[in-house]
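I wanted to look up how some strands sit beside one another and which way their side chains face. These are my notes, in the order in which I looked.

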Amino acid sequence: MTAKFKTNSQDQLNPNYNPLELEKEIRQYWQNNSTQQKLEDCRLKNNRGLLGFVEGPPTLNGIPHIGHARGRVMKDLRYRWKTMQGYYMPFWAGWDCQGLPVELEVEKLLGVKNKRELLERVGEERFIQECKKAIMKYHKEWVEADHKLGIFINQEKAYWTYHDSYIEREWQYLKRAWDQDLLEEGHYVVAYCPGCQTSLSSAEVGYEDSYKIVEDPSLYFKFKLANTKDEYMLIWTTMPFTVVTDTMLAVHPEAEYAKVQVGNEKWIFVQQRVRSIMQELKIDEYETLETFPGKNLEGRKYEYPLKDLVPKLAELEDKNPLVHRIICEDFVDVDTATGVVHLSPGNGEEDFFVAVRRKVPIFAPFDDDVKFTNDAGAFNGIFARDADQKVVEELRKRNALVEVKTVKHEYPTCWRSHHKLVWLARKEYFLRTDKINAKVLEAADKIEYFYDSPKNRFLAFLKEGKPWCISRERVWGAPLPVWKCEKCGAKTLVASKKELLERAIEKPQGDFELHKPWVDRITLKCEKCGGTMRREDFVLDTWHNSGASPYARFTDEDYEKYVPVDFLTEGIDQTRGWANSLLLEYIILTGKPEPPYRAFLFQGLTQDAKGRKMSKSLGNFVEVNKFLEKNSTDVCRFYFLRKCSPIDFVDFDVQELSRRPYQVLSTLYHLNRFFLQNAEFDNFDPKKHTLEWTMQEKQLKKADQWLLSKLQETIETYTQKLGTCEFNLALAVLEDFSIETLSRLYVPMVRKELWTDDPETGKRRLAVYTVLWNVLKTVTLLFNPVTPYLSEALYQKVYKRLDDTLPESVNLEDWPVPDEKKRSKTIEEEFQILFRCTSLVYAARQSAKLKRRWPLSKMVVVAPQNICKALANVEEVFLELSNVKAVEYGKQHKDTEDWTSTTEGDVQVFVETKRDDSLLGEGIMRDLARRVQALRKELGYMPTDLLEAVHIAELDEESNNLLQPYLREMAELVRTKQVNLHSSREELQAEWHESQLDDKKVYVAIA
Ligand SMILES: [Zn+2]
Ligand SMILES: [Zn+2]
């Protein structure tokens, strides 16, 4: 055996596609050559435009899982694609470092149960150090994941939301809000988590999965109307503790209410619910005495039964005439419960607004643990939700209890700690985003969302337009930069460290950072009264940190260049998160109804193979780093992008990776290998052998033109679908071209031409390589944003190897653009007809049991003229694919004994079944050749290796004779110096391989 292949084993493509090995090698290659940095530098120096980008910062409170990988792959796809198109993009990392998620993670690490214990046992200073340690630990994991995933994001230019420089720029947003009267302190009802001991924003309350089925009391109770003997308002609630803060009752003004005699009492509630409520309470004997509209009840006073227990509330009743009276409100729901709503402005958002409108004081006697304070009298010290039982007992004692049961219902819990949330009126700081809602909606309308469902979801959320509670009663966060005078209550906002130092009367010793507790030690002098000003003890909502990134992560100069950014993509849960905070803050910053991003692609989330959410407790949590130790990044990237639309939820199934995704990439790999081996053998030189050259030499055939035409169509559709974020459809197009058009259809058309090394046809072979070079190289570039490792490997080992003047990396190549001159509708149509007719030939062969590799002498096509004409134009390929020697076109043909036929619509194909000796001999030769080819592959020979000899033994005599004239051709076909026939295996000492030839045994050996 002589190896004709020019071996340079180091840069060789291995016979097997082993993605893990290949990816390791390319990772090293990129690192050794600083490829990522070169790409960024190159596009910065020389570009066709700037596209802004700001990283949606992952929170450093956990290890990246496979769902994160999906999102990062989409970002990287965009980056590689756009840079290949010649744009410069500041694809720089960013990390969300502060806030509740990080605090809770660190509390867990420290084994601390709640905030109080944290402050007592650990203290603020040490806690902050621990938080920093924790984020650095997770940071390492994330960077490694990016590295493995092949994400070309610049880690050196990462922003960190906890850095002073970032916080100062974030403060600029607050300063703008302050100047526009959009930042204010106020009482407001917020969702409060007793576990985390902090309030949540309304966005956080709506998070996926925050609603849980919980069990609560279902309480019917009654308040007696003042100045009546026996008339009661009937009320229902699932939160008995709110009776402690009861301030008013509301009825619907238009609805009909009934006075119902029950025993010796009269109960008043909405008429349409009488029957069902009586049924529910199992009261059979009752009588509706009269009905009247709700507005008749307006202003009636009722006797609040717990007055003796809550003296402070009794005091309020004396001070404000509306306390403990009935009011009318349109929002009262009369389809459920009793149509009589008890209002606790201290514990409900709607109740709160009702009270504020009527100037009724807000009664909210709670401390930070959501325990009742002294103001709640007998309830002092009881945790709100634990007061339910006592309230029920006290109502029972006072003849105010009707019935108490339990009910299971959906109730919001804390998205972090899963405690039941409590609504509380608290003193908080708010961004009055409700005041700029019109601008927000106008800005949101200018954004490209690509898909309707996430767009609608986002817009519906924005329409709620609630004020944004940005204060948090926590430790590890950007401090709220508001100082308040102890004496006169005047407030001031300080938006930089420098200003802070200038105005400070007391400051920490030495250098300090903009965090608790150091920043709290700074006091300022009140400009109004000379008193001491202390910082308001809040940190900022972490969503405010990341929402500030477009301004905070850049310098002024870069901000001007890159914002509004071009395109962002994050998970669908970010409709309430980052997409929202970015938009609100940018409008506050600029004062204009403009969004900070032109396009936002919301991605569906990633679940396990069974469609369940991934979680550590279920044990189905797939860590990126561990996963990619054993699995290919390219295959994984391709899988994520190809499997479904980016907005769909994906059920991640490891089993699926090794199937189609692997096969597609493997086919691409082997196509390149096939090309390289043959092209090198014939000394193909891409600098000399260009498409222009093939045309001058008249070596370009129909099949080549067809392939080139299909390629242009593929480039166009693929690029267009990347632009509309239909990644799965884009890849379907590219996959179809690579697998179907190129591998399954085109290669068989030219394979035979490449087998010979006849110098006569050398030019033709070079023409085929030219076509393959153009097509495969283009496909490699198109794949690069999806499978960067494979593309780089092929680029280095195939294209750079044949042409060292090419750019250093595939990433530095220009994105392919379709060439209209290479497109031909006519040729594409001709080939469509061709494929339709060859499949008819195959069907005819099958019905006559004539194998495809047996040559036949003749066929006749009966079809309309346009079809015959098209076939005639591509006749050479038609004959080649059909494996028939000649074709005739006719108006009709008789189906006789020696013919077989198939019909489909207006096309009929007749194939002659008779085979003479020469056809039989050629058929046997092809059968054997096929077996030898398979054996060569099995034994690991290169396609270009020339064998010394092929031996065939124990063929029957008739076949032996038929085969004789074809031995020369066979030798050429299987690349051997000679083919020897043996009557028995004993004639030669060799490794014989048994094979079947038309039910007869035959033996093959190669050497
Ligand atoms: Zn919580
Ligand atoms: Zn003052």
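I began with strand β32 (residues 950-953), where V950 and I952 point one way while H951 and A953 point the other way, and I noted that all of them are buried. Buried here means under 20% relative accessible area, with a 1.4 Å probe and protein chains only. For strands I used DSSP runs of E with at least two residues, numbered from the N terminus.

Before going further I wrote down that this is a predicted model, in which local features need pLDDT of at least 70 and side-chain atom pairs count only at pLDDT 80 or more, while totals for chains, interfaces and linings use all residues. Residues are numbered from 1 along each chain as its sequence is written, and side-chain values use heavy atoms, with hydrogens and water left out.

Next I looked up the partners of β32, counting two strands as paired if DSSP finds at least two bridges between them. β32 runs parallel to strand β33 (residues 979-982), joined to it by four bridges, and I found V950 opposite V979 of β33. With strand β35 (residues 1000-1006), β32 pairs in the antiparallel sense, again over four bridges, and here H951 stands opposite A1005.

I then turned to an open sheet of four strands with mixed pairing, whose order is β29-β28-β31-β30. Its edge strands, β29 (884-890) and β30 (899-904), each pair on one side only. Within the sheet, strand β28 (residues 856-862) and strand β31 (residues 907-912) are antiparallel and share four bridges, and I noted V911 in β31 as the bridge partner of M859.

How values were computed
Chains lettered and ligands numbered in written order. Buried < 20%, exposed > 50% of the residue type's maximum accessible area, 1.4 Å probe, protein only.
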